[in-house]
Amino acid sequence: MMISEIEKKIKEVVAFKPKDQKSFEEFRINFLGKKGHINYFFSEFKKVDSSDKKAYGLAINELKKVTINKLENFKSKFSSNEKSNNKKEDLTRPLSVLELGSRHPISIIRDKIIDIFSKIGFNISEGPEIEDDWHNFTALNLPEHHPARDMQDTFFISKSPDLLLRTHTSSVQIRHMENNKPPIRTISPGRVYRNEDISARSHCFFHQIEGLYIDKKVSFSDLKQTLIYFTNELFGKSKIRLRPSYFPFTEPSAEVDIYWGLNSETDYRITKGTGWLEIMGCGMVDPNVLENCKIDSNDYSGFAFGMGIERIVMLLYQIEDIRILYENDSRFLSQFKKSI
Ligand code: DAH
């Protein structure tokens with residue numbers, strides 16, 4: 001009985017000729033709509049005797065097929081009518097708004113730092129991320145077996161040719177001094193690698209900016225003044241202190257702390273209640289390093305410094321977990337749109 005109902009509908013569909021857009025739409029809804037005939041027949045399927053199920057199923061599928069064919073045939077007719085009659089393109093319509101991308105916070109801060117040093121005559125130099133022992137260690141006064149090599153866990157690539165992933169951008173200092181005569185004023189931004197566990201505070205690759213200034217009679221006070229200028233430009237704070245430290249490539253060496261202040265709970269937390277934050281390492285270039293690059297250390301002296309860009313990004317944007325900087329989550333990145 002049900003099957004004969006379906007067959008009736010099939011005949012109805014085959015005979016149907018829409019007069020206009022409206023009757024065409026009504027037909028579509030009556031047959032293919034949510035509450036239309038076809039869905040109704042499908043929902044009745046479970047009530048059909050199992051011996052009839054096959055014939056019943058075939059009948060519904062036939063009904064569906066002829067309905068869709070009919071719609072297809074007339075759709076082109078109606079839609080082409082519609083287009084030529086009603087839907088003229090409005091050429092004055094404004095374009096839809098284009099979503100702009102955003103720059104990565106590491107790039108934003110790197111470029112700011114570059115701008116600050118460019119203003120006082122520093123140029124930009126770059127070197128390879130795959131380095132050799134000489135540029136990453138030996139020429140920087142870190143001969144083989146020197147215990148200070150342990151300060152930076154290294155990804156070694158091969159012994160011969162001797163290759164590794166650079167552990168710091170100080171390697172670019174060497175390359176730059178080998179290829180340029182003093183006076184030298186250069187900063188070297190780039191990616192560096194260390195064999196460290198990934199956590200909220202450390203990552204196996206990150207970014208640094210190295211600075212190098214070589215000329216006649218460069219003194220520690222030039223270094224300090226340059227750092228005061230830099231911290232003032234970048235952080236709007238110029239109170240710094242230089243804590244004695246050790247780096248093999250500088251003598252004397254220091255770590256630079258900036259006075260961040262203790263104005264909020266966050267300030268207390270990030271400065272561990274002291275108000276001071278470490279931002280970089282620096283020092284007077286060790287004469288051995290100058291000599292390794294064939295610069296006469298009797299005539300020339302200089303200073304160098306190196307800082308981690310991520311650390312500064314995290315301070316400036318109050319980011320607690322370094323890993324977010326490498327996830328490329330657009331919800332995070334889109335927050336930096338205004339800084340472009
Ligand atoms: N290369 C050091 C590091 O990766 C940073 C550094 C310290 C660079 C002192 C320098 C310097 O040029 O003078 O930890």
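**Close-ups of the ligand site**

**View 1. Backbone and side-chain polar contacts to the ligand.** Phenylalanine 305 puts a backbone N or O atom 3.4 Å from an oxygen atom of the ligand. This is a predicted model, so to speak a computed picture throughout. Alanine 304 also takes part through its backbone: one of its polar backbone atoms is 3.2 Å from a ligand oxygen atom. With glutamine 208 it's the side chain that does the job, with an N or O atom 2.9 Å from an oxygen atom of the ligand. As for cover, the ligand on its own has 360 Å² of accessible area, and the protein covers 92% of that.

**View 2. The shell around the ligand.** Zoom in on the residues around the ligand and you'll find 16 of them, with His168, Ser170, Arg194, Gln208 and Glu210 coming nearest. Sorted by class, the shell breaks down into 9 polar, 5 nonpolar and 2 charged residues.

**View 3. The pocket and the elements that build the shell.** The ligand sits in the largest pocket. Four elements each chip in at least two shell residues: helix H7 (170-179) plus strands S6 (205-215), S9 (276-285) and S10 (301-308).

**View 4. The two domains of the chain.** Stepping back from the ligand, the domain assignment splits the chain into domain 1 (2-83) and domain 2 (105-339). Taken over C-alpha atoms, the centres of domain 1 and domain 2 are 73 Å apart.

Methods: Residues are numbered from 1 along each chain as its sequence is written. This is a predicted model: local features need pLDDT of at least 70, side-chain atom pairs count only at pLDDT 80 or more; totals for chains, interfaces and linings use all residues. Side-chain values use heavy atoms; hydrogens and water are left out. A residue is near a molecule or strand if one of its heavy atoms lies within 4 Å of it. A polar contact is a pair of N or O atoms within 3.5 Å; within protein, one must be able to donate a hydrogen and the other to accept it, and residues adjacent in sequence count only if both atoms are side-chain atoms. Accessible areas come from the Shrake-Rupley method with a 1.4 Å probe; for residues, only the protein chains shown count as cover. On a 1 Å grid over the protein atoms alone, a cavity is a set of points where a 1.4 Å probe fits but cannot get out, and a pocket is an open set with protein on both sides within 12 Å along at least five of seven lines; lining residues have an atom within 4 Å of a point. A molecule sits in a cavity or pocket if more than half of its atoms lie within 2 Å of its grid points. Ala, Val, Leu, Ile, Met, Phe, Trp, Tyr, Cys and Pro count as nonpolar, Asp, Glu, Lys and Arg as charged, and the others, Gly among them, as polar. Domain bounds come from an automatic or database domain assignment.
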